[in-house]
Amino acid sequence: FHEGNAQWSGTKIDTLTLTFAGPLKCMMRCREHAECTHWNFRRSTYKCHRFSAVTGTEEVSNSWTYGNRTCFSDECLTNNTEFTDAEISVVWAASYMECARLCEEDGDCLYYTWYADNMCKLK
């Protein structure tokens with residue numbers, strides 16, 4: 001994921017409202033659409049924009065999170081880093097993919113930290 005004052009520009013498929021969801025849900029909704037390659041998510045409005053093609057990013061005045069449909073791959077992971085925000089819960093997950101899925105299913109989870117001993121902290 002990328003966060004900041006930028007978003008994708010390009011060929012938009014549609015805009016979804018994902019009430020009480022986060023960027024992971026937007027990414028998953030992108031993965032559900034065969035033509036979706038990239039997505040933008042704006043937390044203040046819960047808007048998820050799905051794209052079939054992007055031409056780059058553009059500066060915007062409000063914070064967005066954006067990424068591509070394959071963001072569960074290793075290229076999108078930050079290794080050897082723990083996010084220090086307060087935990088929503090601590091659960092057990094057999095893999096980082098399961099931890100990511102648990103985070104996605106929790107409406108309040110923004111990101112997660114998974115440990116090799118199978119501890120998964122939802123944040």
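**View 1. How much of the chain is tucked away in this predicted model.** Buried residues account for 35% of the 123 residues in the protein chain. The accessible surface adds up to about 7,000 Å², and 48% of that belongs to carbon and sulfur atoms. As for the elements on show, the protein chain has 2 helices and 6 strands. Reading from the N terminus, their order is β-α-β-β-β-α-β-β. Take the contacts between residues at least 6 apart in sequence: 60% of them join residues at least 24 apart.

**View 2. Helix H2 and its buried side.** Helix H2 covers residues 96-105, and its buried residues are Cys-99, Ala-100, Cys-103 and Glu-104. These residues sit on the same side of H2, because the arc they cover around the axis is only 140°. What do they pack against? The partners of the buried H2 residues are helix H1 (23-32), strand E5 (112-114) and strand E6 (119-122). Have a look at the start of H2 as well: there, a side-chain oxygen of Ser-95 comes to within 3.1 Å of the backbone nitrogen of Glu-98.

**View 3. The disulfide between Cys-26 and Cys-48.** The count for this model is 3 disulfides, and this close-up takes the one formed by Cys-26 and Cys-48, with 2.0 Å between their sulfur atoms. Helix H1 holds Cys-26 and strand E3 (residues 47-68) holds Cys-48, so the bond ties together parts that are 22 residues apart in sequence. The S-S torsion of Cys-26 and Cys-48 is about 85°, so this disulfide is right-handed. Both ends are out of sight, as it were: Cys-26 is buried and Cys-48 is too.

**View 4. The disulfide between Cys-30 and Cys-36.** Here Cys-30 is joined to Cys-36, with an S to S distance of 2.0 Å. Which hand does this one have? With a torsion of about -105° about the S-S bond, the disulfide of Cys-30 and Cys-36 is left-handed. Cys-30 has 0% relative accessibility, so it counts as buried. Cys-36 comes in at 1% relative accessibility and therefore counts as buried.

**View 5. The disulfide between Cys-99 and Cys-120.** Cys-99 and Cys-120 are joined by a disulfide, S to S 1.9 Å. This pair links distant parts of the chain, with Cys-99 in helix H2 and Cys-120 in strand E6, 21 residues apart. The torsion about the S-S bond of Cys-99 and Cys-120 is about 85°, which means a right-handed disulfide. Cys-99 is one of the buried residues of H2 seen in View 2, and its relative accessible area is 0%. On the strand side, Cys-120 is buried with a relative accessible area of 0%.

**View 6. His-38 and its surroundings.** His-38 belongs to strand E2, which takes in residues 38-42. Is His-38 buried or exposed? Its relative accessible area is 16%, so His-38 is buried, the cut-off for that being under 20%. The side chain of His-38 makes a polar contact of 2.9 Å with the side chain of Thr-37. Setting aside neighbours within four places in sequence, His-38 is in contact with Trp-8, Cys-30, His-49, Arg-50, Phe-51, Val-54, Gly-67 and Asn-68. Cys-30, listed there, is the residue that View 4 shows in a disulfide with Cys-36.

Key
Residues numbered from 1 in each chain as written. Predicted model: local features only at pLDDT ≥ 70, side-chain atom pairs only at ≥ 80, totals over all residues. Heavy atoms only, no water. Buried < 20%, exposed > 50% of the residue type's maximum accessible area, 1.4 Å probe, protein only. Helix = DSSP H or I, 4+ residues; strand = E, 2+ residues; numbered from the N terminus. Arc of directions from axis to C-beta. Contact = heavy atoms within 4.5 Å. Polar contact = N/O pair within 3.5 Å; in protein donor to acceptor, adjacent residues only side chain to side chain. Disulfide = S-S within 2.5 Å. Areas by Shrake-Rupley, 256 points an atom, 1.4 Å probe, with all protein chains shown as cover.
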